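Reader: I'm new to this and would like to learn how to read cysteines and sheets in a model. Can we go through one together?

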Amino acid sequence: MELCSRSLMTFTTPTILLLFLLSCSTFTSTEAYDALDPNGNITIKMGRYQLDARRLCGKNSTHNNVKLSNVFDAVVTIFNFQQYRHIQAPGWTLGWTWAKKEVIWNMMGAQTTEQGDCSKFKGNIPHCCKKDPTVVDLLPGTPYNQQIANCCKGGVISSWGQDPANAAGSFQVSVGAAGTTNKTVRVPRNFTLKAPGPGYTCGPAKIVKPTKYVTKDGRRVTQAMMTWNVTCTYSQFLAQKTPTCCVSLSSFYNDTIVPCPTCTCGCQTNLTQPGSCVNPDSPYLASVVSEQEKHNAYAPLVQCTSHMCPIRVHWHVKLNYKDYWRVKVTITNFNYRMNYTQWNLVVQHPNFDNLTQLFSFNYKPLNPYQNINDTAMLWGVQFYNDLLMQAGPLGNVQSELLFQKDKSTFTFEKGWGFQEESISTVITVSCRLPMHTHIYQMPVQSKTSRCFFY
């Protein structure tokens, strides 16, 4: 996969790519791969075990001419094994196609978006009769008798690399007209996973070793009668093509700031989306924000800027010491509608193998290729700056990074001091870098630089 990058010419602006839960915009139609997280995926595990029919419709063995012995329960768990990509609000949407004429009698911890045509049933009506159901998570605060473990997060799932304790979501489904044995039960087909921002491509369901479940007291283990896995990978082809963040650059040795490119994420004069931004000095700001939220709470309402992006990442080369050099990173939210929880920033730079100290951010090296230590994931400290507030005086987070110099490679020539690549995880699309300009003229040959924000 080719990550968004541009070579720096005679100290032209370093190319930084930023992904706010984002990805790059250079792709091919067959691409479903992330070079910074080559083994990352979302795994959907569905474990089938036999349902006690009496729990569904009393002691009768049949109901509405449906044999209740053909009903089974399944626990579905979505594991986010990606290092830095979260599934943000409004959350995941999971779909599949039944192989036969199955129906969903009941669900706990999730619900289908449509019931479908259940007219052939009398009395007890199934939860969903569609051949291709679409499932969404329940919201926090759901009554306890409708919950199971790891459910009801509004579809939000953290990344495995940043918060493994919250990197899974589960729900339970009771399936009817499904068969009675492993030979008659058919595996669903055509799984789809939708999440805000990047798209995911899902492979076929594969039967695997049956899942084992441990009781709450830890004294008994039960086993599913049948388990199948579906693996979904991040797809550059399905990813949102329009940038939602941008990068600006500056340094202590030049008074000029390289701003985000004009109209990076849109233009204020765009007649197709009137009212898509609001002036921060407007006396009607509060009323405009509240009115827009009634229509679509997740559609960005951004501050009017030249770049019109919800997120901007600024990389400032701050100080140069004899044996060290210091960078300040500032992430600013221009979106009046969205607070970003558990944001993270993935940055590539050759000097990350000598990162000495980090102030007010957490740090984790990402080494997908073992011997190359040039990629870092940065995120906020819990209860301090892990929440990026909406646009306004509090709508930013910042930190400083102290690097030790490697005398054999260190230089400020050709934009070496700027990150090679940066990905940010909050919105999930590509961040646009400054274009080549004449501003940062330096006398040495070019070097590639990239950046992403999530």
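Reader: Is Cys246 buried or exposed?
Author: This is a predicted model, and in it Cys246 has a relative accessible area of 0%, so Cys246 is buried. Buried means under 20%. Cys260, at 5%, is buried too.

Reader: What joins Cys246 to Cys260?
Author: The general idea is that a disulfide is a covalent bond between the sulfur atoms of two cysteines. Here a disulfide joins Cys246 to Cys260, with 2.1 Å from S to S. Cys246 sits in strand E18 and Cys260 in the loop between strand E19 and strand E20, so the link ties together parts 14 residues apart in sequence.

Reader: How many disulfides does the structure hold?
Author: Seven. Another one of them pairs Cys118 with Cys129, their sulfur atoms 2.0 Å apart. The torsion about that S-S bond is about 115 degrees, so this disulfide is right-handed.

Reader: How far is the sulfur of Cys128 from the closest cysteine sulfur?
Author: It's 6.6 Å from the one in Cys129, too far for a bond. A disulfide needs the sulfur atoms within 2.5 Å.

Reader: And sheets: in what order do the four strands of the open sheet come?
Author: Generally, strands of a sheet pair through backbone hydrogen bonds, either parallel or antiparallel. In this open sheet the order is E9-E10-E7-E12, with antiparallel pairing. E9 and E12 stand at the edges with a single partner strand each, so one side of each has no neighbour in the sheet. Three bridges join E7 to E10, and Leu94 stands opposite Val135 in E10.

How values were computed:
Residues are numbered from 1 along each chain as its sequence is written. This is a predicted model: local features need pLDDT of at least 70, side-chain atom pairs count only at pLDDT 80 or more; totals for chains, interfaces and linings use all residues. Side-chain values use heavy atoms; hydrogens and water are left out. Two strands pair if DSSP finds at least two bridges between them. Helices (H or I, at least four residues) and strands (E, at least two) are DSSP runs, numbered from the N terminus. Buried means under 20% relative accessible area, exposed over 50%, partly exposed in between (1.4 Å probe, protein chains only).
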